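Biologist: Before I rely on the words used for this model, I would like to see each of them set against its definition.

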Amino acid sequence: MRFSGLRILREGLTGNKGWTPHWRDPEPKAEYDAIIIGGGGHGLATAYYLAKNHGLTNIAVLEKGYLGGGNVGRNTTIVRANYMLDGNSQFYSHSLKLWENLEQELNYNVMLSQRGHLMLCHSDGQRDAYARRGNMMHSQGDTDAELLDRDGVRRILPYLDYDNTRFPIYGGLMHWRAGSARHDAVAWGFARGADARGVDLIQQCEVTGIDIEDGKVTGVQTTRGAIRSRKVGIVVAGRSGQVAAMAGMTLPIESHVLQAFVTEGLKPVINHVVSFGMGHFYISQSDKGGLVFGGDLDFYASYAQRGNMPMMEHVMEAGMTLMPMIGKSKVLRSWGGIMDMTPDGSPIIDKTETEGLFINCGWCYGGFKAVPGSGYSFAHLMARDEHHAPAAKFRMDRFRTGYGLMDEEATGAQHNLH
Ligand SMILES: Cc1cc2nc3c(=O)[nH]c(=O)nc-3n(C[C@H](O)[C@H](O)[C@H](O)COP(=O)(O)OP(=O)(O)OC[C@H]3O[C@@H](n4cnc5c(N)ncnc54)[C@H](O)[C@@H]3O)c2cc1C
């Protein structure tokens, strides 16, 4: 089934009775050429690109809950490529280019809105750091980075607190091609595309064990029986440590909860995505009008998929500091997701010591924007057994050797600070 303007018009006039389900609900087969554990954004995108770019179609995605029920449907939807360090810079730039053609690629409206992302700076040092970051983006080819001075920021965001004596606004780094997308539509679009290419998307199927013989993966144990495969990809975000332990691995990952908040619908007031440079607070406005915002991670490690009151208070305080007008709006909902935090804040896309077993994790709080790029590169690695150039630096052994660490925030090896 293809979506088109004509089709929407026809369905609208005939009672919307002609739509069919986006994907099948197949029973698991006894064996697949490749198994992806985890039906989040990265798992679904990997399956899609394995089928589309590498011709593998006998693939299963095994999801313990429902497709899109994890972080891919819980994030604050920011898409950007304003990374600075070698490795991250190429990868996120590649991912943003895939985003820019994703709706045509998937024939699915993921509501990508390139409304611009502004990172505010509040000191001379921070302005210098942003100038450096903007220059790195330009040299990577992302020439939409623009350094704004205080008046430049005031022209587009007149309601910020410019008189705040503790955190005066000096300006900001604008990344015009950044923005937001509808998060669960991204999961649905990739799921639909993968299913159309023959991938079995199996929900309510938790992987409980990974079978290994003579150093090679042979399949997985699940709540719906054993399934054989000589290629298995672990793509389970916040649960990475637990699933990797099934293969005897200890990952350099801590899981922490990150919360998000949304207010009642308001008239358009925030045109861009805005990040506070002195507190971990960021905000945008959804197409429905709700202000969508978030802040710091919970400071302690946890697998609870819900947030806590102290962090809620902390985020609200940061919001009020930057944008006092926000106090007039009413928060409607909040939720939490489990983040797979690495010590340098950058991800892992790699082989493991077990032949045929691959791992994709460590996206921290920034893996939504990575979905197309990560799926593309991980599919390349799984299909060809060689790293895809834009993701070639995401090796796991950097945490053992110390060589090639990519600490964008320069906060050191404390997982929750990235
Ligand atoms: C509040 C919040 C805000 C965020 N904001 C942003 C943002 O603005 N921009 C951005 O780029 N990123 C953001 N992120 C991060 C981003 O959402 C994640 O990095 C990314 O979604 C993780 O990859 P995923 O989509 O594959 O994860 P998930 O959707 O969590 O997928 C993993 C899947 O694996 C499944 N699974 C786990 N264990 C098993 C098992 N044993 N067997 C089978 N299946 C299993 C889970 O059920 C889950 O569905 C945010 C995250 C949160 C929580």
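Modeller: What follows takes one residue and then the ligand, term by term. This is a predicted model, in which local features need pLDDT of at least 70 and side-chain atom pairs count only at pLDDT 80 or more, while totals for chains, interfaces and linings use all residues. Residues are numbered from 1 along each chain as its sequence is written, and side-chain values use heavy atoms, with hydrogens and water left out.

Biologist: Why is asparagine 416 called buried?

Modeller: Buried means under 20% relative accessible area, exposed over 50% and partly exposed in between, with a 1.4 Å probe and protein chains only; asparagine 416 has 7%, and is therefore called buried.

Biologist: What makes a residue a contact of asparagine 416, leaving aside neighbours within four places in sequence?

Modeller: Contact means heavy atoms within 4.5 Å, and with those neighbours left aside, His256, Leu297, Asp298 and Phe299 are in contact with asparagine 416.

Biologist: How do you know that threonine 76 makes a polar contact with the ligand?

Modeller: A polar contact is a pair of N or O atoms within 3.5 Å; within protein, one must be able to donate a hydrogen and the other to accept it, and residues adjacent in sequence count only if both atoms are side-chain atoms. A polar side-chain atom of threonine 76 lies 2.8 Å from a nitrogen atom of the ligand, and a backbone N or O atom of asparagine 71 lies 2.8 Å from a ligand oxygen atom.
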